[in-house]
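Thanks for coming. I will take a few minutes on one model, starting with a single side chain and working outwards from there.

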Amino acid sequence: MEGRLDFSGYQNEIYLGGLGGEKPGLPISYADLEAKAREVMTPEAFGYVAGGAGSEDTMRQNLEAFRRWRIVPRMLRDVSDRDLSTEILGLAMPAPVMLAPVGVLGIVHGDGELAVARAASSLGIPFVLSTAASNTMEAVAEAAGVGPRWFQLYWPNDQEIAASFVSRAEDAGYSAIVVTLDVPQLAWRPRDLQGAFLPFLTGEGIANYLGDPAFRAQLDEPPDENPTGAVLKWVSVFPHPTLTWERLSWLRERTSLPILLKGVLHPDDARAAIETGVNGIIVSNHGGRQVDGAIATLDALPAVVEAAGDLPVLLDSGVRTGADAVKAIALGARAVLLGRPYAFGLGVGGEDGVRHVLRSFLAELELTMALSGLTRLSEIDRSILEPSP
Ligand SMILES: Cc1cc2nc3c(=O)[nH]c(=O)nc-3n(C[C@H](O)[C@H](O)[C@H](O)COP(=O)(O)O)c2cc1C
């Protein structure tokens with residue numbers, strides 16, 4: 001267990017570098033990071049990562065919801081000894097931070113998820129690998145080494161392929177299955193539509209399918225001989241609008257790994273989750289990429305936490321700063337997941353870029369806690385917040 005890491009040491013490292021005339025090669029603020037990513041990424045790839053559903057109203061709300069809560073810092077408490085470590089579903093974590101599943105990272109950087117796995121693993125921060133990755137789950141596991149990892153399942157409408165994904169994830173050392181509920185099919189996304197850009201159709205983001213024995217068994221010819229046939233097969237197996245709560249019992253029986261449901265926003269869905277015997281919930285609106293007008297995740301969090309009983313609740317969508325993480329934890333999240341920030345880090349600086357984003361985030365989280373009088377996650381609760389006047 002890697003507790004008590006000196007995350008804030010990144011601050012000293014940067015200032016000391018400055019004494020030697022060295023400036024950080026990568027942007028520090030999220031706004032600068034996004035601006036740099038816009039400069040270096042192709043317009044299509046940037047639009048794919050930055051964009052959301054419809055008018056992008058939910059994307060904005062995700063950010064604004066964090067502004068509506070204020071931390072009330074407390075003074076003169078010895079904050080020299082800090083420990084951000086936690087454990088969720090048997091996974092020991094140095095901080096309440098993970099990397100969210102972000103698909104198709106091959107369009108962002110040539111090394112895609114391999115670079116992400118290396119960066120996260122070098123810090124002991126868990127990552128969640130997307131079904132829609134540009135590299136297979138086995139290749140990413142190899143890049144991660146002993147690094148902690150969960151697998152995100154886009155539940156295909158074909159049972160054989162779904163079963164195969166789950167058993168491959170088990171074999172490759174992923175220690176939980178995160179079922180994403182909010183994409184029975186893709187939403188209306190104006191930026192991608194304007195560019196008529198859907199990466200999957202050119203074979204990007206479907207490596208887990210192309211490398212899957214059950215998927216390949218359904219092809220007339222292997223993907224390298226008939227790539228179009230493989231893409232068309234993907235088009236037919238990806239959407240799963242018939243999926244219902246009842247089907248979760250099938251998955252529950254298939255794996256002894258913990259199962260988390262990602263995309264829960266309503267307390268009744270949290271109650272339904274308990275009924276199915278899953279182990280955890282991720283409050284998410286997919287970063288505003290699915291239902292434009294959907295509730296911001298921070299606004300949805302308290303009611304879901306209350307309804308979830310003993311199930312751990314995690315949160316993503318709009319987490320940009322250490323302060324955001326503190327607020328989410330204060331409202332009941334056990335951990336937060338970063339999405340776009342690390343995807344932009346990858347675009348701007350590959351593996352080093354992802355590591356830089358993570359180290360910056362962790363340093364800021366530790367400093368926000370300490371400067372607020374908090375040294376342990378157990379000290380963070382609703383009492384440290386006030387609604388913004
Ligand atoms: C480019 C991109 C691709 C994504 N791909 C997936 C995916 O394959 N599976 C999934 O469950 N979520 C996916 N997400 C959603 C993220 O897991 C996460 O919920 C979202 O990024 C959080 O919002 P934020 O990045 O604005 O903080 C994706 C998000 C982005 C930006």
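**Ser-134 and what surrounds it**

The side chains of Ser-134 and Glu-204 are joined by a polar contact of 2.9 Å. Before going further, note that this is a predicted model. The side chain of Ser-134 also reaches the backbone nitrogen of Leu-105, at 3.4 Å.

Where does Ser-134 sit in the chain? Its place is in the loop between β5 and α6. Is Ser-134 buried or exposed? Ser-134 has a relative accessible area of 18%. The cut-off for buried is under 20%, so Ser-134 counts as buried. Setting aside neighbours within four places in sequence, Ser-134 is in contact with Val-104, Leu-105, Gly-106, Glu-113, Glu-204, Gly-205 and Ala-207.

**The loop between β4 and α5**

One of those contacts is Val-104, so let me move there. Val-104 lies in the loop between β4 and α5. What is its phi? Phi of Val-104 is near 55 degrees, which is positive, and the residue is not a glycine. As background, most residues other than glycine have a negative phi. Val-104 is buried as well, with a relative accessible area of 1%.

Gly-103 is found in that loop between β4 and α5 too. Gly-103 is buried, at a relative accessible area of 18%. Not counting residues up to four places away in sequence, Gly-103 touches Glu-113, Ser-130 and Ala-132. For a sense of scale, the C-alpha atoms of Gly-103 and Asn-285 are separated by 15 Å, and these two residues are 182 residues apart along the chain.

Another residue in contact with Val-104 is Pro-199. Pro-199 lies in the loop between α8 and α9 (207-210). Pro-199 is buried, with a relative accessible area of 1%. Leaving aside neighbours within four places in sequence, the contacts of Pro-199 are Tyr-48, Val-104, Ile-107 and Glu-204. Glu-204 is the residue whose side chain makes the polar contact with Ser-134. As for distance, the C-alpha atoms of Pro-199 and Lys-327 are separated by 35 Å, with their positions 128 residues apart along the chain.

**The ligand**

Gly-103 brings us to the ligand. A backbone N or O atom of Gly-103 lies 3.0 Å from a nitrogen atom of the ligand. A polar side-chain atom of His-286 lies 3.3 Å from a ligand nitrogen atom. Arg-340 has a polar side-chain atom 2.6 Å from an oxygen atom of the ligand. How much of the ligand does the protein bury? Taken alone, the ligand exposes 600 Å², and the protein buries 98% of that.

In total, 22 residues surround the ligand. The closest are Pro-101, Ser-130, Thr-180, Arg-320 and Arg-340. Ser-130 is also touched by Gly-103. The space that the ligand takes is the largest cavity.

**Helix α5**

The loop that holds Gly-103 and Val-104 leads to α5. Helix α5 covers residues 112-123, and 10 of its 12 residues are buried. The buried ones are Gly-112, Glu-113, Leu-114, Ala-115, Val-116, Ala-117, Ala-119, Ala-120, Ser-121 and Leu-123. Among them, Glu-113 is a contact of Ser-134 and of Gly-103.

What do the buried residues of α5 pack against? They pack against β4 (97-99), β5 (127-129), α6 (137-144) and α16 (340-371). Just after α5, Gly-124 takes a positive phi of about 70 degrees.

**Helix α3 and Glu-56**

The last stop is α3. Of the 8 residues of α3, 6 are buried, so the helix is largely enclosed by the rest of the structure. The buried residues are Ala-45, Phe-46, Gly-47, Tyr-48, Val-49 and Ala-50. Tyr-48 is one of the contacts of Pro-199. The buried residues of α3 pack against α2 (30-40), α4, α8 (190-194) and α16.

Between α3 (43-50) and α4 (57-67) there is a loop, and Glu-56 has its place there. Glu-56 has a positive phi of about 65 degrees although it is not a glycine. Why does Glu-56 count as buried? Because its relative accessibility is 12%, and the cut-off is under 20%.

That is where I will stop.

Key. Residues numbered from 1 in each chain as written. Predicted model: local features only at pLDDT ≥ 70, side-chain atom pairs only at ≥ 80, totals over all residues. Heavy atoms only, no water. Buried < 20%, exposed > 50% of the residue type's maximum accessible area, 1.4 Å probe, protein only. Helix = DSSP H or I, 4+ residues; strand = E, 2+ residues; numbered from the N terminus. Contact = heavy atoms within 4.5 Å. Near = heavy atom within 4 Å. Polar contact = N/O pair within 3.5 Å; in protein donor to acceptor, adjacent residues only side chain to side chain. Areas by Shrake-Rupley, 256 points an atom, 1.4 Å probe, with all protein chains shown as cover. 1 Å grid on protein atoms, 1.4 Å probe; cavity = no way out; pocket = protein on both sides within 12 Å on 5 of 7 lines; lining within 4 Å. Sits in = over half its atoms within 2 Å of the grid points.
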